[in-house]
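This report introduces a protein model to a reader who has not met it before. The sequence and structure are shown first, and the description follows.

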Amino acid sequence: MDVPAKGIAAVADHGGSLGRARSLFAHAPEPWVDLSTGINPHSYPLFDLPATALTRLPEPARAHELAAVAAQAYGAPSPRHVALAPGTQILLPRVFSLKKPGRAAILGPTYAEHARTAALAGHSVVEVSEFSALAGADLAVVVNPNNPDGRIVSRADLLTLTEALRRRGGLLVVDEAFMDVGLRAESLCADVGQGGIIVLRSLGKFFGLAGVRLGFAIASEDIAQRLNAEFGPWSVSGPALEYGIRALGDHAWQEDMRSRLSAEAARLDGLLARHGVAIDGGVSLFRHVTTEHAASLFAELGSRGILVRNFSDRPNELRFGLPGSKEEWRRLEAALSAWSADASNRGGGVRAAASR
């Protein structure tokens with residue numbers, strides 16, 4: 001089913017806003033436990049930057065080095081297939097403007113900024129619930145793995161879609177912000193040389209470095225170099241270059257972190273299940289829940305200074321990120337215990353409902 005995109009006047013609400021949390025729960029204890037994002041709570045280790053990263057304009061050679069490291073890390077055909085940007089968000093309107101205004105179809109429900117920025121680029125935007133509905137678009141957008149439910153579309157299906165779009169002069173944009181913790185064999189980064197595909201990657205989620213603001217567009221050489229030219233020199237800051245080169249090249253840290261996140265996601269699943277909350281999707285950085293008790297759970301957690309992601313247009317859904325410390329795990333368990341006990345005392349049947 002096609003759903004018209006929402007208005008574009010304002011940036012959509014997202015997770016991670018403690019200002020919003022404090023306005024909703026003015027008397028909640030602090031510090032907040034922010035589980036409302038899919039950002040890794042165990043960030044890549046911070047390190048001392050060379051002074052020149054802050055005091056000099058970034059050297060082109062360092063940007064070229066980052067492109068090479070990113071190409072290797074993501075499996076792109078070459079560094080010339082990589083465009084650097086100060087975050088994926090700033091790439092969206094530029095990428096969507098590569099196609100003249102037409103019909104943009106976004107596989108949803110998903111991250112709201114794709115619809116907003118595609119509309120800003122002049123496209124008529126619809127959200128579609130069926131993958132097959134993307135084939136008739138001028139611009140098709142897939143988040144893979146999807147945020148917030150972790151849905152994966154296979155590489156084979158995406159390549160079939162790409163061929164259908166290419167015959168019509170269309171473009172497929174695949175946002176792989178969470179592919180570092182997804183089924184990496186389904187990534188399209190290695191396939192961009194055939195044209196008609198742009199893949200977006202980010203340092204913010206898996207590496208836990210959202211504030212560094214570093215993103216990549218993996219595309220055919222002509223598109224990648226066009227994007228690089230549009231951003232011009234010094235598009236990525238000196239500190240972002242240093243963190244990107246170090247983190248993307250640290251394969252041992254990446255493999256260890258994937259194992260750690262998988263174990264912690266399993267721990268979160270068990271904790272939620274013990275309190276009558278069943279997981280129905282996600283990746284190891286976040287877990288997705290659909291329950292008729294979402295509103296009361298969100299409110300109980302918020303009153304105790306724990307913020308999870310809720311969705312105004314999907315009131316029965318919540319997304320849980322991972323706690324980042326023993327104290328955060330303790331607070332989450334205590335809050336869930338209080339909520340489930342209160343529901344049982346009211347005869348809410350939370351545990352029974354979750355088991356059906």
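The account below moves from the whole chain to one sheet, one loop residue and a set of salt bridges.

**Overall form**

The model is predicted. The protein contains twelve helices and 13 strands. Its C-alpha trace spans about 65 × 50 × 35 Å along the principal axes. For 356 residues, a compact globule would have a radius of gyration near 21 Å, and the value for the protein, 21 Å, agrees with this.

Of the 356 residues, 49% count as buried. The accessible surface comes to about 15,200 Å², and carbon and sulfur atoms account for 54% of this area. When contacts between residues at least 6 apart in sequence are considered, 73% of them join residues at least 24 apart.

**An open sheet of five strands**

Five strands form an open sheet, and their order across it is β2-β12-β13-β11-β10, with mixed pairing. The edges are taken by β2 (33–35) and β10 (279–283); each has a single partner strand, so one side of each is left without a neighbour in the sheet. From one strand to the next, the twist averages 30°.

At one of these edges, β10 is joined to β11 (residues 286–290) by four bridges, and the two strands run antiparallel. Within this pair, I279 stands opposite V289 of β11. In general, the strands of a sheet pair through backbone hydrogen bonds, in either a parallel or an antiparallel manner.

**A loop residue with contacts elsewhere in the chain**

N147 is located in the loop that connects β6 (139–143) with α6 (155–167). Is this loop residue, N147, buried or exposed? Its relative accessible area is 12%, and the cut-off for a buried residue is under 20%, so N147 counts as buried. Apart from its neighbours within four places in sequence, N147 is in contact with P109, T110, Y111, F178, F286 and R319. One of these contacts, F286, belongs to the residue range of β11, 286–290.

**Salt bridges within helices**

Side chains of opposite charge can pair when their charged atoms come close. The count for the protein comes to 21 salt bridges. Three of the pairs are set out here, with the N to O distance for each.

| Salt bridge | Distance between N and O atoms |
|---|---|
| E65 and R62 | 2.4 Å |
| E113 and R116 | 2.9 Å |
| E255 and R258 | 2.6 Å |

E65 and R62 are three residues apart in helix α3 (residues 60–74), and so about one helical turn separates them. E113 and R116 are likewise three residues apart, about one turn, in helix α5 (residues 113–120). E255 and R258 have this spacing too, three residues or about one turn, in helix α9 (residues 251–274).

How are the residues of these pairs placed with respect to the surface? In α3, E65 is partly exposed, with a relative accessible area of 35%, and R62 is also partly exposed, at 27%. In α5, both E113 and R116 are buried. In α9 the two partners differ: E255 counts as partly exposed at 41% relative accessibility, whereas R258, at 13%, counts as buried.

The pair in α3 has a further link, as R62, E65 and E242 are connected in a network of salt bridges.

How values were computed
Residues numbered from 1 in each chain as written. Predicted model: local features only at pLDDT ≥ 70, side-chain atom pairs only at ≥ 80, totals over all residues. Heavy atoms only, no water. Pairing = 2+ DSSP bridges. Axes fitted to C-alpha atoms, helices over the stretch in contact; angles between N-to-C directions. Buried < 20%, exposed > 50% of the residue type's maximum accessible area, 1.4 Å probe, protein only. Contact = heavy atoms within 4.5 Å. Rg over C-alpha atoms; globule rule 2.2 N^0.38 Å. Areas by Shrake-Rupley, 256 points an atom, 1.4 Å probe, with all protein chains shown as cover. Salt bridge = Lys/Arg side-chain N within 4 Å of Asp/Glu carboxyl O.
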